[in-house]
Structures are given as C-alpha cells and as structure tokens.
Amino acid sequence: MDEQEKSDSAVVAMKSANKAGRPVAERAEPRAGTEGNADHDVPPRTQSREKVAHDVARIRQAAQREKAAPLSALLHHINPDSLSVAFYALKRDASAGVDGVTWRDYEPDLAVKLNDLHGRIHRGAYHPLPTRRGYIPKADGSRRPLAVTALEDKIVQRAVTTVLNAIFEEEFLGFSYGFRPGRSQHDALDALVVGIGRKRVNWILDADIRSFFDTVSQEWLVRFVEHRVSDKRIIRLIQKWLRAGVLEDGAVSVSDRGTGQGSVISPLLANIYLHYVIDLWAEQWRKREAKGDMIIVRYADDLVVGFEHEAEARRFLGAMHDRLGQFALTLHPDKTRVLEFGRSAAANRQSQGLGKPETFAFLGFTFICSKTANGRFLIKRKSRRDRVRKKLQDVKDDLRRRCYQRIPEQGKWLGQVVRGFFNYHAVPTNFEALRIFHRQIIWLWRRALLGRGNRDKTNWTRILKLAAEYLPKPAISHKWPEQRFAVKHPR
C-alpha cells in the first residue's frame, strides 16, 4: 500500500464520531437562538482569559484521552469570550485588510460586535473576505508575498487556532519548533547546535521547500486536519478561509493551492501539513533506515537534517524528494544540498585537499565549523551577511525619512532598532557581527545628521557621545546552547 492509500485509510478509519463517554470538552456547541446567547455580554478581559484557558485545558485533556479518534464537537468553544481574547491578542498596528478596518477602529462597542460575529459563525452566516496581497522585500532582492487578512477574519482565525493548537500540540513531534507555544527560533537553534555537538554528525542536509506556503494542497491539508477534528463546522471554516481568494490589482483570484502566508491560522496549518508529510515519515525513516546517528530540526518549512554517514544523507534526500512529490511539494534544486559538516569535517577535507568545510544557513545565522582556543570542536554562528545588509539598508532609508526629527527622537528610535537586533543576534561567537552592526548604525546616524547641515556640530566626538547615550552597547546576552538546552531538556 503506497503512502497516499495509507493516508486515505487513516482518514476513513478516524471518521467515526465520539460515542458514549464523550469528554466534557466535547459537549454540543451552543446554537443560535439558545436562551442566554443573544444578549451575552463579553466579561472583563481577565475573566475571559481565565475561562478560555480553562476551556483550552479541557480540550487538551480530551485530545490526550482520545488519541485514536478525532474530536467531534468543538465549535462551541468559539464564543464571545474566546473571540474577545483573540481580539486582544492581535497586533494593534497591523495593516488593514480589504475591509479597511484596523484594530482601533473595531475596539469601540466591542461586546456588541463580537456578539454579532459569534451569532454569524454559529448560524453559518459568517463569510470571510478575500485577503489583500502584500509584499515584503527579501534579503536576496526578491519579494515575499503576504496575505493581509480582514480584521474579523483575524479574530475568528485566532480563536480557532487556539482550539486547534490544544489538539495538535499533543500530536506534534519534539523536533518541530516553528510557531508553537513555548518554543522559539532560539530553541531550534540550540537543538541544532547541541545535536551536531553531541551526536556523530558528519553530514548535513540543508533542505529548502520551493514556495511552500503557495503550493500546499488544500485537499490534503483538510484531510490532515480531519485526522484529529471531525467537527464539520470547524472544517468548513477552514475551507472558507482557504477558498476566500486573494485580492490583487483589483481582481480576486481563487486557487486550490496555498495557505496564505501571513494569515493568523497559516502557521498552524503549515505545521499540520508538514507534520503528516515530513515529520512522521522522517521519524519512521530514522528508526527503520538509519544505521548511524541522525538528527532532525524543523522550524516551519526550514528543515536541517544531520547524518553520520554520507550515503544515508543522500538516500534520505532521494526518499524525501519522492515523499514531497506525493503531496504537491518540491525541493528547491539550487538551495537544497548535502554538505560535510561536523567535528571531523575539517580534518577529512584537509586530508583530501578540499579546503575548509562548507557552511550553511539556518534562521538568520551562518553555521561554521571552528575550534576553541584549546582545540575543541566549536560551532560558530554568525549573523547572515545578506540579512545584516538588508537591515542596515532599511535603517538608512528610515533615517532619510526621519531626517528632520529632533535628535532625541531619532536616538530613541535607533536605540529600539539596535536593541531589537541584539535581542535576536547576541548569541555566543557572534560578538563581531554585533560590533560591526553597532558601528555601522553610528556611521549612518552621523551621515544623516550631516545631511541636515551644521557640520561643525556633527563631529565624531559628538556622535559617539550621542551613541553612548541612546544606543545599547554590543554584548552577548544569550546563553551557550548546551546550557540553555540542558535547562529545558534535563534528560
């Protein structure tokens, strides 16, 4: 039986609704018109959060108990309380969708609006609007398409994501880190460094899925969600979002591919898709096929796999190519590669006259094989040059727009920019990149001030004094990966 037939069989096998002994978290949802629903007021925010947290805990418990069957009644958890919590979890300054409504526009009379939204959801009268197509520039000069969702759609998606997270967090594997509660990019970075250091990793597969968010099969995605969710009303909500279309240049286009990168629910849907397409399959491959050590770290669609043996790395790459092809995905031929990397890579390559080990990039850092002062193997992480250049260019452009702001205003803003860069990039072995970024910011600031005139007042003595007053100094703030990983994973 091939993989597609197995998945279809799994979906059919898990279609049956929960029978007797249904857990409390799966009561029938409140119907439109039920007494007490129509005039339900949203309670204070703290009370709403407590009620939603209690409901989420019950859903999680039900998911733990019902491992073999999907949960059948979930829509009643999308209520005015959960919609209120979802609203206040949204970004206040996010761009408006095709409705033109911002967070602050929607906040007045919030209880009335959320009650109306709740009623439409449960009557089946809620219809999402098309997403607005936006673009953000990438470090390589290309543009990444984004889906800007209408505000009410964001609210409902956030509430549904909370429910689905409680279910699928019980399914997701440990090496999946992207967009999951309690996990961050630095957790994924720590896991990769520790894995390469502790295991016999000599080869790295750096895999890149081509245009993942634009090519996901919506049909397969719905099937995967149905593995754990049999509430047809939740499924229909997801299908409505997938089919809402994209507005660009005045025309709405609808496709059976893609999840709309940038929408609130898109990261969770991506994780569900990759869980069934890659994670479960890769875990089985590791158990059945790998003879040597093998590590896996995935952050959304960024995947790095480490191997002890080159032959296994190349066999896995070929098998993954076939696996992805079954689910409408492809690997980028120019960005996917197998490279020699690990504690023995430098010596092996030197003996063959091949030079230094190759490097690879993951989550904004370049990974480099190096050594400590006493000769021990060390993985260096340096901020990717293209990302740093892109950030500096953005600062330069913003400084041009802020040219005639008062110096304290410029200094406060630049301090936030530098602090944000340091918060992410201040990892051990990356001090030089912090120092260079700090110095370049000072240089750009001086250049911007010189453009205003008063050259005699913008000498280096003055600009260095301003930098000392407003800009944080470069310093390593993150712990070594081994230390932080040991705290979070005591085993």
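These legends walk through several close-up views of one predicted model.

**View 1. The whole chain, before zooming in.**
Let's start with the full picture: the chain holds 18 helices and eleven strands. Of its 491 residues, 50% are buried. Take the contacts in the chain with a separation of 6 or more, and 74% of them come from residues 24 or more positions apart. As for the outside, the chain exposes about 24,300 Å², and carbon and sulfur atoms supply 49% of that area.

**View 2. An open sheet made of four strands.**
Here the strands line up in the order E2-E1-E4-E5, and their pairing is mixed. Which strands sit at the edges? They are E2, covering residues 143-148, and E5, covering 251-253, and each pairs on one side only. Ignoring direction, neighbouring strands of this sheet are turned by 45 degrees against each other on average. Now look at E1, residues 131-137, which pairs with E2 in the antiparallel sense over six bridges. To find your place in this pairing, look for Arg 133, which stands opposite Ala 147 in E2. A handy thing to keep in mind when looking at strands: in a regular strand, side chains alternate between the two faces of the sheet.

**View 3. Helix H3 and what covers it.**
H3 spans residues 80-89 and is mostly covered, with eight of its ten residues buried. The buried ones are Pro 80, Asp 81, Ser 82, Leu 83, Ser 84, Ala 86, Phe 87 and Tyr 88. What covers these buried residues? The cover includes four helices: H2 (45-65), H4 (103-106), H5 (110-123) and H6 (151-168).

**View 4. Asp 81, a residue of helix H3.**
Is Asp 81 buried or exposed? With a relative accessible area of 4%, Asp 81 falls under the 20% cut-off, so this residue counts as buried. Its side chain makes a polar contact with the side chain of Ser 48, at 3.5 Å. The backbone of Asp 81 has a partner too: at the start of H3, a side-chain oxygen of Asn 79 reaches to within 3.1 Å of the backbone nitrogen of Asp 81.

**View 5. Gly 100, in the loop between H3 and H4.**
Follow the chain on from H3 into this loop and you come to Gly 100. Its relative accessibility is 45%, so Gly 100 counts as partly exposed. Where does Leu 151 come in? Gly 100 and Leu 151 are 51 residues apart along the chain, and their C-alpha atoms are separated by 8.4 Å.

**View 6. Strand E10 and its two pairing partners, E9 and E11.**
E10 runs over residues 365-371 and is mostly covered, with five of its seven residues buried. Strand E9, residues 360-362, pairs with E10 in the antiparallel sense over three bridges. Within that pairing, Ala 361 has Thr 366 of E10 as its bridge partner. The hairpin of E9 and E10 has two residues between the strands, and Leu 363 takes a positive phi near 50 degrees there.

Next comes E11, residues 377-383, which runs antiparallel to E10 and is joined to it by seven bridges. One bridge to look for links Ile 368 with Lys 380 in E11. E10 and E11 form a hairpin too, with five residues between them. In that turn, Gly 375 has a positive phi of about 90 degrees.

**View 7. Aromatic rings, in pairs and in a cluster.**
A search of the whole structure finds 23 aromatic pairs. One of them brings together Phe 168 and Phe 172: the ring centres are 6.1 Å apart and the planes are at 25 degrees, so the pair is stacked. Both of these residues are buried. How are the rings of Trp 285 and Phe 316 arranged? Their centres are 5.1 Å apart and their planes are at 85 degrees, so this pair is edge-to-face. The pair links distant parts of the chain, with Trp 285 in helix H11 (residues 266-288) and Phe 316 in helix H12 (residues 310-325), 31 residues apart. Trp 285 is buried, with a relative accessible area of 8%, and Phe 316 is buried as well, at 1%. Elsewhere, Phe 212, Phe 213, Trp 220, Phe 224, Tyr 273, Tyr 276 and Phe 327 form one aromatic cluster.

Terms used: Residues are numbered from 1 along each chain as its sequence is written. This is a predicted model: local features need pLDDT of at least 70, side-chain atom pairs count only at pLDDT 80 or more; totals for chains, interfaces and linings use all residues. Side-chain values use heavy atoms; hydrogens and water are left out. Two strands pair if DSSP finds at least two bridges between them. Axes are lines fitted to C-alpha atoms, for helices over the stretch in contact, and angles run from 0 to 180 degrees between N-to-C directions. Buried means under 20% relative accessible area, exposed over 50%, partly exposed in between (1.4 Å probe, protein chains only). Contact means heavy atoms within 4.5 Å. A polar contact is a pair of N or O atoms within 3.5 Å; within protein, one must be able to donate a hydrogen and the other to accept it, and residues adjacent in sequence count only if both atoms are side-chain atoms. Accessible areas come from the Shrake-Rupley method with a 1.4 Å probe; for residues, only the protein chains shown count as cover. Rings of Phe, Tyr and Trp (its six-membered ring) pair if their centres lie within 6.5 Å; planes under 30 degrees apart count as stacked, over 60 as edge-to-face and the rest as tilted.
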